Amino acid sequence: MNFQAIKSIYIFEMARFFRTLMQSFISPVISTSLYFVVFGTAIGSRIESVEGVGYGAFIVPGLIMLSVMTQATSNASFGIYFPKFIGTIYELLSAPVSFFEITVGYVGAAATKAMFIGLVILATSFLFVDFTIEHPIAMIAFLTLTCLSFSLLGFIIGIWAGNFEQLQLIPLLIITPLVFLGGSFYSVTMLPPIWQTITMFNPVVYLISGFRWSFFGTADVSIGLSLFAIGLFTCICLGIIAWIFRTGWRIRQ
Amino acid sequence: MKNIVEVRSLTKTYDGGFEALKSVDLDIKQGEIIALLGPNGAGKTTLISSICGITRATSGTISIGGHDNVTAFRAARNLVGLVPQEINLEPFEKVINTVRFSRGLFGKAPSDAYIESVLKSLSLWDKKDSKVMALSGGMKRRVLIAKALAHEPRVLFLDEPTAGVDVELRKDMWEVVAKLKEDGVTIILTTHYIEEAEAIADRIGVIASGEILLVEDKADLMTRMGQKTLKVDLAEPISEIPKGLSAYDLTIEGEGLLYSYDTKTDRTGITSLLADLQKAGLKMTDLQTRQSSLEEIFVSLVADKEGAA
Ligand SMILES: Nc1ncnc2c1ncn2[C@@H]1O[C@H](COP(=O)(O)OP(=O)(O)OP(=O)(O)O)[C@@H](O)[C@H]1O
Ligand SMILES: [Mg+2]
């Protein structure tokens, strides 16, 4: 195992993040604040509570998930697409590194960035609403797993993408709608029965539900099912990556 | 001398169905400088990319330092540094960080002292904290070389290192190459400047249309292929070769005669030709000899190949 290479990729990718640290820090703070003003204060004042939790606090886990999933996906997809685009991928291909090491380096860095943003949003939330986290260890575990699995997904998108439009396409067309419709801002039980059934096909529901459970101890679906869903999603991504690397698909001609 | 790189029956067909390499065999000897010459699209970059692992060979095997470049890719690639033809660099990163990155990628522990020596040998030390995008094209090429050297490779591939590079930098570059050769590094370079190959290489390979036409010692090549011509200027021009001289390979050119001969043979035929010229009653005013350059050899080889295809 070439640990030195993993470390180098990780540091190099994190350097990109630190170059734009202010931007990486300010934009989640601003967008979170906006969500609280609009949903928490303006609309939330008319909704008393959801499942015994004040609406302002109720949306915190969903807000974090929304940002973490989109950030993890876009960071990881950009991270591996950029070397393809500017041609520096030649170096990765000619170095004594396996694709496993390449994935660990890029996905690890993307997940770290997403994690950082998730924690910034959490900290910002405390400025607006009062709440306690019932299961902090489970909360960190869910957050980490989400960062990792969506970074894996982003990595796949980055390898697949042939241009910048395609890079944006999947997050825009699939991830954002799934997250918005996955109960970020409402409880699934608030929907009419038919929509509740349809919603159950949205994998993001399980992630947000589990994450919200770690905050408030209440969930739309059982915690076991949530864990299973995120585990399955991670395995599917890993399987696709393993296949990509065996075949060199879109990487090595 | 031991072979450090061995390429056997290597073929490469690109996805579109284009056959860029047709059963290439090539041995590269440890410590030598070998220049690969060939027209655009000959397959030079494809050959290098296959050896370095950037493209997959369609069939055939490649070994580097005795390690197969697929089954033992780590051991094989550890030995190799590559300076690509295109300037592919991360624009926003500092020079020194991209070089450090390259070293780490090859699994080498950080060594600021070594990286400093590489940057200094390429006159990049004062640019170490500049962003790559702020460098000129020639300096970017030096950064590529520094990256390729960052992990102390034993085999260095230079794919057209002097394209678009001024005379000064070219001189610097050959100094670096000469120094590497002294340290025992094997160097494979491609170039379109034949005088460059002539000046620096130990051996020369010619490649065209995906096939290696020859690989030969530069000196041997020059003498074997290096036909010399003797130009005889005559006092009075003639319109046809006199009968007594029909045994010689003579052509009429302007005011004189051209005689081609091979320097390798014991008898060049010059003495008897001169005697026979006198017998035929031709008056000579001047004599010149000329040796064909590598460029002429190269052009005639490729022309033959393309004529046959
Ligand atoms: N990715 C690719 N897909 C399809 N064909 C390719 C690809 N890369 C190269 N080729 C073709 O393979 C042939 C050999 O290309 P290569 O780049 O190896 O030539 P070269 O000898 O390096 O030429 P040059 O002197 O211009 O650099 C060319 O005809 C080229 O069009
Ligand atoms: Mg080329």
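**View 1. Helix H1 of chain B gives the largest share of the shell around ligand 1.** Three residues of this shell come from helix H1 (residues 44–52) of chain B, the largest share. Please keep in mind, here and in the other views, that this is a predicted model. In total, 15 residues surround ligand 1. The closest are Gln253(A), Lys44(B), Thr45(B), Thr46(B) and Gln85(B). Because the residues around ligand 1 come from chains A and B, the site is shared between chains.

**View 2. Three side chains of chain B place polar atoms by oxygen atoms of ligand 1: Thr46(B), Gln85(B) and Glu160(B).** Start with Thr46(B), where a polar side-chain atom lies 2.5 Å from an oxygen atom of the ligand. For Gln85(B), the separation between a polar side-chain atom and a ligand oxygen is 2.8 Å. Glu160(B) also has a polar side-chain atom facing this kind of partner, at 3.2 Å from an oxygen atom of ligand 1. On its own, ligand 1 has 640 Å² of accessible area, and the protein covers 68% of it.

**View 3. Four strands of chain B make an open, antiparallel sheet.** Reading across the sheet, the order is E12-E13-E11-E14. Strand E12 (250–253) and strand E14 (284–291) are the edge strands, each pairing on one side only. From one strand to the next, the twist averages 25 degrees.

**View 4. Strands E11 and E13 of chain B pair in the antiparallel sense.** Here you can follow E11 (residues 227–234) alongside E13 (residues 256–262), with seven bridges between them. A handy pair to look for is Gln227(B) and Asp262(B), which stand opposite each other, with Asp262(B) in E13(B).

**View 5. Helix H9 of chain B lies across the sheet strands E11, E12, E13 and E14.** This helix spans residues 270–279. Its direction is at about 155 degrees to that of E13(B).

**View 6. Ser74(A) sits in helix H3 of chain A.** The helix covers residues 55–86. Is Ser74(A) buried, partly exposed or exposed? Ser74(A) counts as partly exposed because its relative accessibility is 33%, which falls between the cut-offs of under 20% for buried and over 50% for exposed. Look for Pro171(A) as well: Ser74(A) and Pro171(A) are 97 residues apart along the chain, yet their C-alpha atoms are separated by 7.4 Å.

Key
Residues are numbered from 1 along each chain as its sequence is written. Chains are lettered from A and ligands numbered from 1 in the order in which they are written. This is a predicted model: local features need pLDDT of at least 70, side-chain atom pairs count only at pLDDT 80 or more; totals for chains, interfaces and linings use all residues. Side-chain values use heavy atoms; hydrogens and water are left out. Two strands pair if DSSP finds at least two bridges between them. Helices (H or I, at least four residues) and strands (E, at least two) are DSSP runs, numbered from the N terminus. Axes are lines fitted to C-alpha atoms, for helices over the stretch in contact, and angles run from 0 to 180 degrees between N-to-C directions. Contact means heavy atoms within 4.5 Å. Buried means under 20% relative accessible area, exposed over 50%, partly exposed in between (1.4 Å probe, protein chains only). A residue is near a molecule or strand if one of its heavy atoms lies within 4 Å of it. A polar contact is a pair of N or O atoms within 3.5 Å; within protein, one must be able to donate a hydrogen and the other to accept it, and residues adjacent in sequence count only if both atoms are side-chain atoms. Accessible areas come from the Shrake-Rupley method with a 1.4 Å probe; for residues, only the protein chains shown count as cover.
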